[in-house]
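Q: Could you take a close look at one strand for me, and then show me what surrounds the ligand? Short sentences, please.

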Amino acid sequence: MSEHGVKKVAVIGAGQMGGGIAQVAAVAGFETIVYDASADQVARCQATHEKLLARAVEKERMTQDEAHAALERITRVTDWKYLEGADIAIEAVVENEGVKREIFARLDETLTNGAILATNTSSISITAIGAATKTPERVIGMHFFYPVPVMKLVEVINGLATDKAVTDRVIGLSEAMGKVAVPANDRAGFVSNRVLMPMINEAFYAWMEGVAEPEHLDEIMKLGMNHPMGPLRLADFIGLDTCAHIMNVLADGLHSERYRPCPLLEQLVTAGRLGNKSGRGVYEY
Ligand code: CAA
């Protein structure tokens with residue numbers, strides 16, 4: 001395991017991804033701070049941590065004392081000043097380049113101890129985020145997968161300026177968090193979404209063209225390819241708006257119209273059918 005030198009982890013954004021990352025860090029023994037500007041979001045994050053750790057105890061994956069200690073290691077804050085002194089910031093806010101650039105410029109000012117500045121972005125250029133700072137060599141992608149406590153992978157993405165020592169430390173840290181870190185470089189969609197999203201998009205085309213009903217399409221991919229969920233069910237799980245957004249990022253970033261979202265996918269998003277989170281997407285929940 002490579003050295004990471006991290007004791008204190010700061011997570012920016014207390015949504016599903018940020019909350020999951022904080023939980024995994026705290027369970028692995030790191031002092032963890034979760035920052036969100038919204039007090040409601042912070043409270044929801046705490047409730048989720050309590051629920052998921054209670055479930056882990058129920059399932060005998062940890063003892064009551066271990067769960068309690070993990071909860072105690074997490075500080076949830078709405079005040080930015082508590083981020084000072086963290087050895088790494090892992091940003092997991094909304095997928096908006098402008099918002100992320102602002103946050104990274106601010107992190108660059110706040111974390112002056114050579115801390116690593118990582119982003120959990122699934123599609124925004126690490127190089128572009130790094131360019132918002134004066135220290136792009138310490139900016140890196142640390143892409144976790146949903147649900148974070150369950151999924152093993154961290155896709156570690158090097159921006160153009162990322163220092164090799166930073167990559168090694170992030171790989172070491174990911175391993176210390178119980179994950180498997182796999183490196184990739186900074187092109188639109190990296191590896192995971194470059195390959196996954198066109199498959200999901202193609203499933204929408206196949207459905208639109210009447211090749212199969214969603215249930216059959218998903219069953220074919222589940223049983224034939226040993227995927228845990230079929231692509232349409234997975235699209236609902238990820239969020240249809242997120243899927244459409246990532247396809248547009250691929251089309252723009254790779255300069256190819258063949259990556260544009262399928263019209264049916266776009267139409268469902270327009271109708272507000274966003275998947276599990278809105279109660280209806282391809283399927284009803
Ligand atoms: N948070 C924490 N734990 C969760 C969870 C969540 N949101 N959802 C499920 N789990 C846990 C369950 O508690 C359960 O643990 P126990 O055995 O202790 O009960 C375990 O996961 C398995 O869950 P289930 O038995 O309910 O259901 P399952 O066996 O069908 O697994 C699944 C659920 C893990 C989500 C599985 O269907 C799966 O792996 N699906 C594919 C997920 C995937 O591809 N994720 C990546 C999405 S893409 C992405 O994140 C990145 C991007 O950039 C878009």
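A: Start with isoleucine 90, which stands opposite alanine 118 in β5. This is a predicted model, where local features need pLDDT of at least 70 and side-chain atom pairs pLDDT 80 or more, while totals for chains, interfaces and linings use all residues. Residues are numbered from 1 along each chain as its sequence is written, and side-chain values use heavy atoms, without hydrogens or water.

Isoleucine 90 belongs to strand β4, residues 88–91. A strand here is a DSSP run of E, at least two residues, and a helix is a run of H or I, at least four, numbered from the N terminus. Ile88 and Ile90 point one way from β4. Ala89 and Glu91 point the other way. All four are buried (under 20% relative accessible area, 1.4 Å probe, protein chains only).

Now look at the partners of β4. Strand β5, residues 116–119, pairs with β4 in the parallel sense over 4 bridges (strands pair if DSSP finds at least two bridges). Strand β1, residues 8–12, also pairs with β4 in the parallel sense, over 4 bridges. There, valine 11 has isoleucine 90 as its bridge partner. So isoleucine 90 is matched with valine 11 and with alanine 118, as bridges between paired strands are defined by DSSP.

Next, the ligand. 18 residues surround it (a heavy atom within 4 Å). The closest are Arg55, Arg61, His143, Tyr146 and Asn193. Follow three of these by atom. In histidine 143, a side-chain N or O atom is 2.9 Å from an oxygen atom of the ligand. In asparagine 193, a side-chain N or O atom is 2.8 Å from a ligand oxygen. Tyrosine 146 uses its backbone: an N or O atom there lies 2.8 Å from a nitrogen atom of the ligand. Taken alone, the ligand exposes 1,000 Å², and the protein buries 65% of that (Shrake-Rupley areas, 1.4 Å probe).

Which elements give two or more residues to the shell around the ligand? They are α2 (39–58) and α9 (231–238). The largest share, 3 residues, comes from α9. By class, the shell has 12 nonpolar, 3 polar and 3 charged residues. Charged covers Asp, Glu, Lys and Arg, and nonpolar covers Ala, Val, Leu, Ile, Met, Phe, Trp, Tyr, Cys and Pro, with the others, Gly among them, polar.

Where does the ligand lie? Domain 1 (8–185) and domain 2 (195–278) both give residues to its shell, so the ligand lies between them. These bounds come from an automatic or database domain assignment.

Conventions:
Polar contact = N/O pair within 3.5 Å; in protein donor to acceptor, adjacent residues only side chain to side chain. Buried < 20%, exposed > 50% of the residue type's maximum accessible area, 1.4 Å probe, protein only.
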